[in-house]
Every structure is written in C-alpha cells, then in structure tokens.
Amino acid sequence: MSSGHGVPSLRLPLVTLTPLFLGGADPRGDPELRASSVRGALRFWLRALLGGCYGTDDQALAEIRRIEAETFGEAGGEGKAGASKIVVRVRQEQRSAPQEWRAARDSGRAYLLFSMAPPRAHGQEIPARRALVPPYPFSIDLLARPGLDEREAREALYRAVRAFWLLVHLGGLGARARRLGGALAHRPVPRRSPDGATTQAVPSHLNLPFALSPEPQQAARQLAEGLRLLRQRSQARADANPERPGWEVLDPRWCRIWVFGERGWTSGERGWPTVADAIGEWLRETRRALPTEQRLVFGAPLVIPQQHKTIDPPSGYERQERRPSPLWLSVTRAENGNLLGVATLFQSRFLPLRRGGEEQLERLYAQIAAAVAQLPNVAEVHYA
C-alpha cells in the first residue's frame, strides 16, 4: 500500500483462474474489463460482510448504506456521499483475443456455464458468449480520491481491500460468477530477500492471507482467521441476525463455507477444466437427487429447456421471477499454484414463504450442506 502524492493507493496484480465473461453493450460481443463491474463486485462483498456484522433490519441497513456510500459513493444530491471515495482502475497488460465458449455437451464445465453456450432461437443458433481465457493477467488499482481527509481516505481504502479479499477467495467477476465463472487470484510479485535474492511471492495486505495452503484443512483455518479479522475490524455485533437475514450476509449462523480439492487440481489453461468438470458433475448429481420442483432452491426461475417449461415453486414458496442461487461455487489459487474449490452457502431468505415454507427451506439447506460434505477432502471454515 503506498501514499504517492499523499494519496493512499494499492495496485493488485491479478490473473483469471476460470473463463471470464464480462459482456459490454453487446452481451455476445467481446468481453470488456470495466472498472464499474469490479466496483459492483466489491460492493456486493462489502455489503455481505457488513450485513453479517450489523444485521439486516432497517436500522442496520441505514448504517450499512452509510458505510458503503462512504467507500464506493452513491447517487448525488443534498446530504448524499456523492462520488466514490475509492477510484477503481483496470489495467490490461495483455490483449490476447477472447475466445468463443465451447465445451463438450455432457461435461461438468458445460453444465456450470450452460448459458454461455450458443442457444437456439427460432431454429437459429445464436453465437456463444466470448470469454477471456485463463490465465489472463491484468491489474486493478484502488486509489483514494484526491482531496479527501487522509484518515477518511485510508479507512475507505481498507474497506475496499477487505472486500477484494472476499472477492478473490469466495467469489468471481462477471456472468456465472456463482458457478465458477471469472474466478481471480492475486498474482505473485517480485520480493527481494535480505541476501539480495529475488523471489516471486503473493503479498499480504492488512494481514489477510491472499495465498492459502494447498491443504484444504489448513486453507479453511486461514480463511476462518481472515474472516475473524474482518468481522473484528468491522466491530461485528453479537447476535446481529437473530432471525434468518433478508439478504446474503457473512454471518456464521447463516452462512457456511467449505474448502475442498484434490492434490492434482492444477491451475492454468489445462488445469482448470479438470476442476470445473469435477465440480460441475457434483452439482449435476446433487440437483438430480432432489425432486424436480425442489431444485428451485438452486435459483429461480427453474426452466426445463427441452420441454419449454417453467416449473412452479413448491407449495411452501410464493412465485418470484428471479432469485440467484444461494450457493456460490468458486475456486481460489493456493500458494503452490494449485486450485482449491470453495463453496459458500448463504442461508438467507429465499423466495417469499408460505405456511410450512421455513421448515422446507431449512431442510433443503441442510441437504445442500450434506451434499457439499461429499466433495473431495472437504473442510468447513469455522469462523466467528
């Protein structure tokens, strides 16, 4: 973290671990790495962190909105925070040509990223989505906006870095981010040792581990310690969410996280497809084990394309047009360059519930957790 010209800033060299789909004005055109997309992803993870610390009722929501606005800004007007305190810049270091998404139809990766494949409409095939193929290097600069009070600027930058740590370990960028799309890793940078030798190492910021152990058990403990630090620095309130939260929050009572993986899960152009196939096949079998209407818990609407049919929700839920999956599946890169799978289950409210729906939702979340426990070498992240 530097303070060039009195402005706190941080450059984060990154590399993609899985295909990155970031559509521009034409969703099926070339992907565009945009600062606004990065800022949106950081907002999501900051809000999830703060919701787990303060709750989701009206009073907590007002506090969260204030902090979020003091970091990433809000629409202008009297009494509003205005422009973002943190300027996000994207630096592309390599402009390799995007590629059309193609995968064997029955593969696990095709299952995870199915909506990126070329669909058919009125008998005609529409082009597939185009992706930045891993490993694709680029950098993100986080800079405090010039003219801010130094303490205020540093606090805003620290919050952005904490959200970034959550993004690279639990989430992803762009389309299908909940299904392994756009997973990122902090690239190693040169580091000079006391004897003058130069090595490559992933830096640590704010004492947060950006490179995890390749062993899932140890990596889970590192993530737990990182989450404990984030919640402590955010002054998390005890029992912030006594009831099921209204949105996705990082509260140990309502959000479970696991790390898993095999020793042979390497990264790079040849490594990630093997990992995506394994995770995709697991998800497909997990969904198939549920009655058709209960599969809605992985996201609404539930559509069966072959039958041109939208499945109605089970009796415990009210119908809603759209609801993303509460289960995030991603990968993060370990310190030896291998990939680790990460599953994050937000057990917040799903669709509006009818009588009996709460028990049904709790049972389905328990079933998902039981299925996650079958992933290879899985270790749960126990945080507080």
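Which residue forms a salt bridge with glutamate 285, and how many Å apart are the closest N and O atoms? The partner is arginine 288, and the closest N and O atoms are 3.3 Å apart. Please keep in mind that this is a predicted model.

**Salt bridges**

Let's stay with that pair for a moment. Glutamate 285 and arginine 288 both sit in helix 6, and because they are 3 residues apart there, about one helical turn separates them. Glutamate 285 is partly exposed, with a relative accessible area of 46%, while arginine 288 reaches 53% and so counts as exposed, the cut-off being over 50%.

The count of salt bridges in the model comes to 18. One of them brings the side chains of arginine 109 and aspartate 277 together, at 2.9 Å from N to O. This pair links distant parts of the chain: arginine 109 belongs to helix 3 (residues 108-112) and aspartate 277 to helix 6 (residues 268-288), and their positions lie 168 residues apart in sequence numbering. Arginine 109 is partly exposed, at 22% relative accessible area, whereas aspartate 277 is buried, at 15%.

Another salt bridge is formed by glutamate 380 and arginine 256, whose closest N and O atoms are 2.9 Å apart. Glutamate 380 lies in strand 16 and arginine 256 in strand 11, so this pair ties together parts that are 124 residues apart in sequence. Both partners are partly exposed: glutamate 380 has a relative accessible area of 23%, and arginine 256 has one of 30%.

Here are the three pairs side by side.

| Acidic residue | Basic residue | N to O distance |
|---|---|---|
| Aspartate 277 | Arginine 109 | 2.9 Å |
| Glutamate 380 | Arginine 256 | 2.9 Å |
| Glutamate 285 | Arginine 288 | 3.3 Å |

Salt bridges that share partners also join Arg11, Arg91 and Asp141 into one network.

**A charged residue without a partner**

Is aspartate 251 buried or exposed? Aspartate 251 is buried, yet it has no salt bridge. The nearest side chain of opposite charge belongs to arginine 231, at 5.1 Å, and a salt bridge is defined by a nitrogen-to-oxygen distance within 4 Å, so this pair does not qualify. Aspartate 251 is found in the loop that runs between helix 5 (216-233) and strand 11 (255-260). Leaving aside residues up to four places away in sequence, aspartate 251 touches Gly52, Arg231, Asn241 and Tyr383.

**Sheet and hairpin**

Strand 11 takes part in an open sheet of 4 strands, ordered 14-15-11-16 with antiparallel pairing. Strand 14 (327-333) and strand 16 (379-380) are the edge strands, each pairing on one side only. Strand 11 and strand 16 run antiparallel and are joined by 2 bridges. Within this part of the sheet, tryptophan 258 stands opposite glutamate 380 of strand 16, and glutamate 380 is the residue that forms the salt bridge with arginine 256.

Elsewhere, strand 9 (residues 189-192) and strand 10 (residues 198-201) run antiparallel, with 4 bridges joining them. Proline 190 has glutamine 200 in strand 10 as its bridge partner. The hairpin of these strands has 5 residues between them, and glycine 196 takes a positive phi near 90 degrees there.

**Nonpolar cores**

In soluble globular proteins, nonpolar side chains tend to be buried together. The largest nonpolar core of this model has 63 residues, and those with the most contacts inside it are Trp45, Leu142, Leu166, Leu250, Ile257 and Val381. Helix 4 gives the most to this core, contributing 11 residues. Valine 381 touches Ala220, Leu223, Ala224, Leu227, Ile257, Trp258 and Val259, again not counting residues up to four places away in sequence. A second, separate core has 43 residues, including Ala183, Leu329, Ala343 and Tyr365.

**Helix 2**

Helix 2 (residues 58-72) has 15 residues and reaches 21 Å from its first C-alpha to its last, close to the 21 Å expected at 1.5 Å a residue. Which residues of helix 2 are buried? They are Ala60, Ile64, Ile67, Glu68, Ala69, Thr71 and Phe72. Their cover includes helix 1 (35-54), strand 2 (86-92) and helix 4 (150-170). Glycine 73 follows helix 2, with a positive phi near 80 degrees.

Definitions and conventions. Residues are numbered from 1 along each chain as its sequence is written. This is a predicted model: local features need pLDDT of at least 70, side-chain atom pairs count only at pLDDT 80 or more; totals for chains, interfaces and linings use all residues. Side-chain values use heavy atoms; hydrogens and water are left out. Buried means under 20% relative accessible area, exposed over 50%, partly exposed in between (1.4 Å probe, protein chains only). Lys and Arg count as positive and Asp and Glu as negative; His and the chain ends are not counted. Contact means heavy atoms within 4.5 Å. The expected span of a helix is 1.5 Å times one less than its number of residues. A nonpolar core is a set of buried Ala, Val, Leu, Ile, Met, Phe, Trp, Tyr and Cys residues joined through side-chain atoms within 4.5 Å. Two strands pair if DSSP finds at least two bridges between them.
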